[in-house]
Amino acid sequence: MRVVIVGAGQAGAALAAKLRSLGHDGQITMIGAEPAPPYQRPPLSKAYLLGDMPEERLWLRPAEFWAQNGVELRLGQPVTAIDRAAQTVTVGEEVIPYDQLALTTGSAPRRLPAAIGGDLPGVYTVRTLADVDAMRAEFRDGARAVVIGGGYIGLEAAAVARKFGVEVTLVEAAPRILARVAAPETSTFIAGLHRRHGVTVLEGAALDRITGTDRATGVRLADGQEIAADFIITGIGITPGSDLAAAAGLVLDNGIAVDDRGRTSDPAIWSAGDCASFPYRGGRIRLESVGNAIDQAEAVAANMLGADKPYTAKPWFWSDQYDLKLQIAGLNTGYDRVVTRPGPPPSFWYYRGAELLAIDAMGDARAYMVGKRLIEAGKSPDPDLVAGAPDLKALL
Ligand code: FAD
């Protein structure tokens, strides 16, 4: 069986390694558009951007791992087409056959339109190693930055910039930062953290355009306010990498639609990671996290080899900002109540009725671990007990 993996990132690397550890001894070819070997992205907006982590520590496996495990790694070569009838993919002039194909194409950062200055020099996104290497020189004491978008990536970049002494203004169009992913309690906590570190956090502030002609010189907001800046970072979300799948006629639904085995609408094609949406609790979700990329890819590897087991997501996420490690377990979608376990440090517990859905722990690793165990076991402690800040063990 010849397996071809398109996308040499977190999910692709996990899939290839798992196929080998499960005993698959057929050909594996992993094709990546980026020149770097498979690497982890989280440090790009944290330790690596800060200069605290050498490049080699980003690599998911030592360079020799791939050859030693018989994985043919082709880097810097985007796959441009899939021919489902012939079971081949096209890379440059070459056509590569597959028996089973995996699409682990990740996602791409949304960019501001060129018409409002989105393509000016001095405007950066934070997705790839090349993105971060390109912006690094801007991080110097006294420089002025505007971060557009108060999601995790924008907030992490803002925290790193402050550590370098950059003056940071963060512009969020929604009424509060993290509005898409967290409760007001978490937004308020994190906005306060940034304000205490000297970031000007503007919420409900719509962008009109990036100013400048040859290079970004700042931003103008919809209310006419102008903010001067030496550089701009945009963190305004991502779009799933589903272009190849779309062109091949696979079913899409907020990314590449897969079933609970990780199979697309073509039985010989699978997908995992940021680009794949999958069934979850009667609906369909797509997760943008390391944990999901690894677990889903490993489930796909097993299913490619005939395991025929459903993938059950156990969502978790973390974010590092200043000295805070924010940890999240579960998915808060559909919550109707947030209970605060006061701390310090506090944690915010999301409930739907009496059911515990998720927890955001603000630097409380024990609360996170307990919450995660409860959620994964389908157990829901009495909200009043949580609010009363009892011994965490009592909740278990
Ligand atoms: P990726 O790792 O993006 O890999 C996809 C690869 O496919 C890319 O290299 C891409 O170039 C390649 N590709 C796309 N199209 C083609 C093609 N046609 N041909 C060949 N190759 C192609 N998650 C957390 O859980 N915690 C965090 O703290 C966290 N921090 C993050 C910080 C940053 C700055 C970023 C960008 C992400 C962060 N994430 C975090 C998210 C996490 O990194 C992603 O969810 C994870 O990388 C998804 O893995 P993936 O394999 O689906 O996609």
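This is a short tour of a predicted model, stop by stop, with something to select at each one.

**Stop 1: the domains**

Start by colouring the chain by its domain assignment: domain 1 covers 3-108 + 239-304, domain 2 covers 111-234 and domain 3 covers 323-395. Now keep domain 1 and domain 3 in view, whose C-alpha centres lie 32 Å apart. Where do they meet? On each side the contact involves 4 residues, and the two domains bury about 270 Å² between them, with 55% of it on carbon and sulfur atoms. Select Tyr 280, Arg 281 and Leu 287 on the domain 1 side; these lose the most area to domain 3, together 88% of what that side buries. The count of salt bridges between these two domains is 1. To see a salt bridge at Arg 281, show its side chain with that of Glu 355, which it meets at 3.3 Å, N to O.

**Stop 2: the largest nonpolar core**

Next, show Phe 139, Leu 170, Ile 177, Ile 190, Phe 231 and Ile 233 as spheres: among the 47 residues of the largest nonpolar core, these touch the most other members. Helix α5 (residues 152-163) supplies the largest share of this core, 7 residues. Centre on Ile 233 and look for its contacts beyond four places in sequence, including Tyr 124, Met 135, Phe 139 and Ala 157.

A little along the chain, pick Ile 227 in strand β15 (residues 226-228). Is Ile 227 buried or exposed? Its relative accessible area is 11%, so it is buried. Among the residues it touches are Val 146, Thr 169, Leu 202 and Val 219. Draw a C-alpha to C-alpha distance from Ile 227 to Val 146: the two are 81 residues apart in sequence and 7.8 Å apart in space.

**Stop 3: salt bridges across the chain**

The whole structure holds 24 salt bridges. Go to Lys 46 and Glu 156, whose side chains meet at 3.1 Å, N to O. Lys 46 sits in the loop between β2 (28-31) and α2 (47-50), while Glu 156 belongs to helix α5, so this pair ties together parts 110 residues apart in sequence. Both partners are buried: Lys 46 has a relative accessible area of 11%, and Glu 156 one of 3%.

For a contrast in setting, select Arg 284 and Asp 253, a salt bridge with its closest N and O atoms 3.8 Å apart. Arg 284 lies in strand β21 and Asp 253 in the loop between α7 (243-247) and β18, 31 residues apart. Arg 284 is partly exposed at 34%, and Asp 253 is also partly exposed at 41%.

**Stop 4: an open sheet and a hairpin**

Stay with β21 and bring up its sheet, an open one of 3 strands in the order β18-β20-β21 with mixed pairing. β18 (256-257) and β21 (283-285) stand at the edges with a single partner strand each, so one side of each has no neighbour in the sheet. β18 pairs with strand β20 (residues 276-280) in the parallel sense over 2 bridges; pick Ala 257 and its bridge partner Ser 277 to see one of the matches.

Finish at strands β22 (residues 316-321) and β23 (residues 324-330), which pair in the antiparallel sense over 6 bridges. Trp 318 stands opposite Gln 327. The two strands form a hairpin with 2 residues between them, and Tyr 322 in the turn has a positive phi of about 55°.

Technical notes: Residues numbered from 1 in each chain as written. Predicted model: local features only at pLDDT ≥ 70, side-chain atom pairs only at ≥ 80, totals over all residues. Heavy atoms only, no water. Core = buried A, V, L, I, M, F, W, Y, C linked by side-chain atoms within 4.5 Å. Buried < 20%, exposed > 50% of the residue type's maximum accessible area, 1.4 Å probe, protein only. Helix = DSSP H or I, 4+ residues; strand = E, 2+ residues; numbered from the N terminus. Contact = heavy atoms within 4.5 Å. Pairing = 2+ DSSP bridges. Domains from an automatic or database assignment. Buried area = accessible area lost by both parts, 1.4 Å probe. Salt bridge = Lys/Arg side-chain N within 4 Å of Asp/Glu carboxyl O.
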